Amino acid sequence: MVNIATTPDLPIAVIGAGAAGCLAAISAAERGATVVLLERTSDGGRKILISGGGRCNILPGELREPRFVTDSSPNTLKKMLRNWPLADQRRFFESDLALPLVLEPESGKLFPVSNRARDVRDGLINHARKTGVDLRFGVKVESLKEAANGWQLELGGGETLTARAVILSTGGLSVPATGSDGWGLGVARALGHTIHSTYAALTPLTAEPAVHADLAGISLPVGLTAAGADRSAGSDGGFLFTHRGYSGPSVLDVSHVLVRARQEGKPAILRVRWGVRDEEFWQIALLARGAGQVNTLLRAELPARLVDRLLVEAGVPGDTSLAQLRKEQRQALIEALVRYPLPVTGDEGYKKAEVTGGGVALAEIDPHTMESRKAPRLYFCGEILDAFGPIGGYNFAWAWATGRAAGIGAAGRDR
């Protein structure tokens, strides 16, 4: 039998060249390990390329840990995030990758100055090459099994690769067009890991019938509250009416509550505060006794087409003067403005989901090295793990932090 400690030249195999996998490969190689990065697509990092509409919201301006969602221990999640503080992550991109970042004040998000997601993806790939990573694109890993000297990987075409450690950074199930198929989740399950139920997260919501299709294209800031039998979430941010339902950052951030409720056959409701004005503002404004009309007041704050729809549903003629507005009309209108029940019957699923909810239970992973507690020399990072954050660079921060920790952990194992 070959002892792993006597074969340091065996490579570390990183499976998946997405955000987490690239950081894992770079971090391991920088510490002297021989690293092979295996990617089934022809170029890797395809989710990076579509991030932020092609601009790549690379990091949040501020990292707020409670905003992450997990069915595992939130404390374990925090430990994993704190492996690489946000300031150090930013320093890596700006110094090591020479990608200056700029804060977008209105959103609190960090973007590359070039506003090109391709610069981020290419920067990671090029830096991996500079550190000595052996990148192999168009390679599918058929199977993974434990061997006496580490792990044996069966690759497409009949090739066999023996590695002293394996880092699984295969992503989840979201945006299958980028190459995500959940393969890594199946591997983890077969090796004895607990997989918390997976679901489409940060995905647009739909309504059938599409009762608001006539408002498609309207966008505005809103406040959303999603409440189900077992969980709830709230978000303030952009909202977009689509032909099939609703999208925008605020919708995506709370979508998991509606998705999981439907998955579990439980009720859930989504309520909207249109615009940025609260109930107190509307109470005062609608009590005014001037000669102005109700629709004029509302259109000063909200899109005209939305105002017309809300007035009809509240049973208030738009040309009603503020002086003539009755108490019951005022109350009906305020309900529509600040607690509007949005009909949701479905979602766009993994096809348009930003991330996968659920995944490998965090309790079964060492939070500092990202090594499996079930299978020695097996490491996890990125979307395959049971955690995700809101829109705004949080999921990249998760990928960078867990990927780096996994690379360092694997490189230091048995050395």
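Two strands are said to pair if DSSP finds at least two bridges between them; strands (E, at least two residues) and helices (H or I, at least four) are DSSP runs, numbered from the N terminus. The model is predicted, so that local features need pLDDT of at least 70 and side-chain atom pairs count only at pLDDT 80 or more, while totals for chains, interfaces and linings use all residues. Residues are numbered from 1 along each chain as its sequence is written, and side-chain values use heavy atoms, with hydrogens and water left out.

Strand 8 (residues 150-155) and strand 9 (residues 160-163) run antiparallel and are joined by four bridges, in which W151 is partnered by A163 of strand 9. Four residues lie between these strands in their hairpin, where G157 takes a positive phi near 90°. On strand 7 (residues 141-147), strand 8 pairs over six bridges, again in the antiparallel sense. A147 has G150 of strand 8 as its bridge partner, and two residues form the hairpin connection from strand 7 to strand 8.

The largest nonpolar core (buried Ala, Val, Leu, Ile, Met, Phe, Trp, Tyr and Cys residues joined through side-chain atoms within 4.5 Å; buried means under 20% relative accessible area, exposed over 50%, partly exposed in between, with a 1.4 Å probe and protein chains only) has 81 residues, of which L124, L153 and W400 touch the most other members. Helix 13 supplies the largest share of this core, eleven residues. Beyond its neighbours within four places in sequence, W400 is in contact (heavy atoms within 4.5 Å) with residues including A19, L23, W84 and L124.
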